[in-house]
Amino acid sequence: MNTLKINNLELTYKNGHQAIQNISLEIKNGMFGLLGPNGAGKSSLMKTIVGLQKPTSGSIDFNDVDIVSKPDYIQKKLGFLPQDFGVYPKVSAYDLLHHIAILKGIENKDEREAQIRLLLEKVNLWDFRNKEVHTFSGGMKQRFGVAQALLGKPKIVIVDEPTAGLDPEERNRFNMLLSDISSEVIVILSTHLVEDVKNLCSEMTIMNKGQVLKTGKPKELIDELRNKIWSKPIKSDHLDKYQSKYQVISKQLIERELYITIFSETEPTGFEPVTPLLEHVYFKTLA
Ligand SMILES: Nc1ncnc2c1ncn2[C@@H]1O[C@H](COP(=O)(O)OP(=O)(O)OP(=O)(O)O)[C@@H](O)[C@H]1O
Ligand SMILES: [Mg+2]
């Protein structure tokens, strides 16, 4: 079992922006979802874990080793798929993986070749191995990114918004791939798609404005809302009135009619009960 322990982590960028505020988390094998809107601090947290930037204060331990002061300890055991990969060099997918495999310390040539072939097949890119990565489509680049992250059989895999830009079929394939490996390693997945977390993650945290707002198992967080979520179609010019009276957690147009969903411990008059979903947990937490 691998354990990643984050304690009282703070990160302030040079311009004074505090992107991570006192975050503590304990993450074990399995898929961990980091859910939050744009600017929540997901990428900042991930880049800090992988050692691309130093925290202002706080600690990060992987299997009881302090990886802030000893980043070498985790680097070869880690796979990272950043949100922006930057510019790809003009070499084929195969050659680039070969190069990365060497950097990751896979010294045996046969072993390198075996791993690269297996991964390229897994991400459905074997037929494109001789093409240069910069000519790939967005989805193909993303799949290439996963292949490079999985090279060297990492113990911790960190993927930053990996499903952004994938079509539904690729997204499914991608999610299954991650789910497959996550029984033996830690996989941290950031996303703003509640759907991905619902389908994949055994543990999750909702963050916003640099802070962790809620952590738990998706199912348990949903259970907390049982019999407390209600919905009603309203006239749009009545919205203000409802917002001042109830804790409105979301608004949705359904066939041009405005539905509001509210959180209420007691039954509000005129509302229909709603079976809680992870979406409700997310909106309630952010509201
Ligand atoms: N290098 C930087 N210098 C200063 N501020 C930064 C820097 N990088 C990020 N920020 C700020 O820190 C906050 C968190 O950014 P971050 O990229 O971590 O969010 P995110 O949750 O990954 O968002 P998204 O879903 O859009 O990727 C934002 O307000 C952002 O503007
Ligand atoms: Mg990000």
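Where does Gly152 lie? In this predicted model, you'll find Gly152 in the loop that runs between helix H5 (138-150) and strand E7 (156-160). Beyond its neighbours within four places in sequence, Gly152 is in contact with Ile106 and Gln115. There's also Lys76, 76 residues away along the chain, whose C-alpha atom is 7.5 Å from that of Gly152.

Next up is the magnesium ion (ligand 2). Ser43 (OG) and Gln83 (OE1) coordinate it at 2.0 to 2.1 Å. The two come from distant parts of the chain, 40 residues apart: Ser43 belongs to helix H1 (residues 42-49), while Gln83 sits in the loop between strand E6 (78-81) and helix H3 (93-103).

Here's how these residues fare for exposure:

| Residue | Relative accessible area | State |
|---|---|---|
| Gly152 | 23% | partly exposed |
| Ser43 | 17% | buried |
| Gln83 | 40% | partly exposed |

Ser43 counts as buried because its 17% falls under the 20% cut-off.

Now zoom out to the whole chain. The domain assignment splits it into domain 1 (3-217) and domain 2 (223-286). Their contact takes 13 residues from domain 1 and seven residues from domain 2. The C-alpha centres of the two domains are 35 Å apart. Between them, domain 1 and domain 2 bury about 850 Å², with 76% of that on carbon and sulfur atoms. On the domain 1 side, Val194, Ile206 and Lys214 lose the most area to domain 2, together making up 49% of what that side buries.

What about charged pairs? The count between the two domains is two salt bridges. Glu279 forms a salt bridge with Lys198, with the closest N and O atoms 3.8 Å apart.

Conventions: Residues are numbered from 1 along each chain as its sequence is written. Chains are lettered from A and ligands numbered from 1 in the order in which they are written. This is a predicted model: local features need pLDDT of at least 70, side-chain atom pairs count only at pLDDT 80 or more; totals for chains, interfaces and linings use all residues. Side-chain values use heavy atoms; hydrogens and water are left out. Helices (H or I, at least four residues) and strands (E, at least two) are DSSP runs, numbered from the N terminus. Buried means under 20% relative accessible area, exposed over 50%, partly exposed in between (1.4 Å probe, protein chains only). Contact means heavy atoms within 4.5 Å. Donors are N, O and S atoms within 2.8 Å of the metal (3.2 Å for Na, K and Ca); water is not among the atoms, so sites may look incomplete. Domain bounds come from an automatic or database domain assignment. Buried area is the accessible area (1.4 Å probe) that two parts lose on being put together, summed over both. A salt bridge is a side-chain nitrogen of Lys or Arg within 4 Å of a carboxyl oxygen of Asp or Glu.
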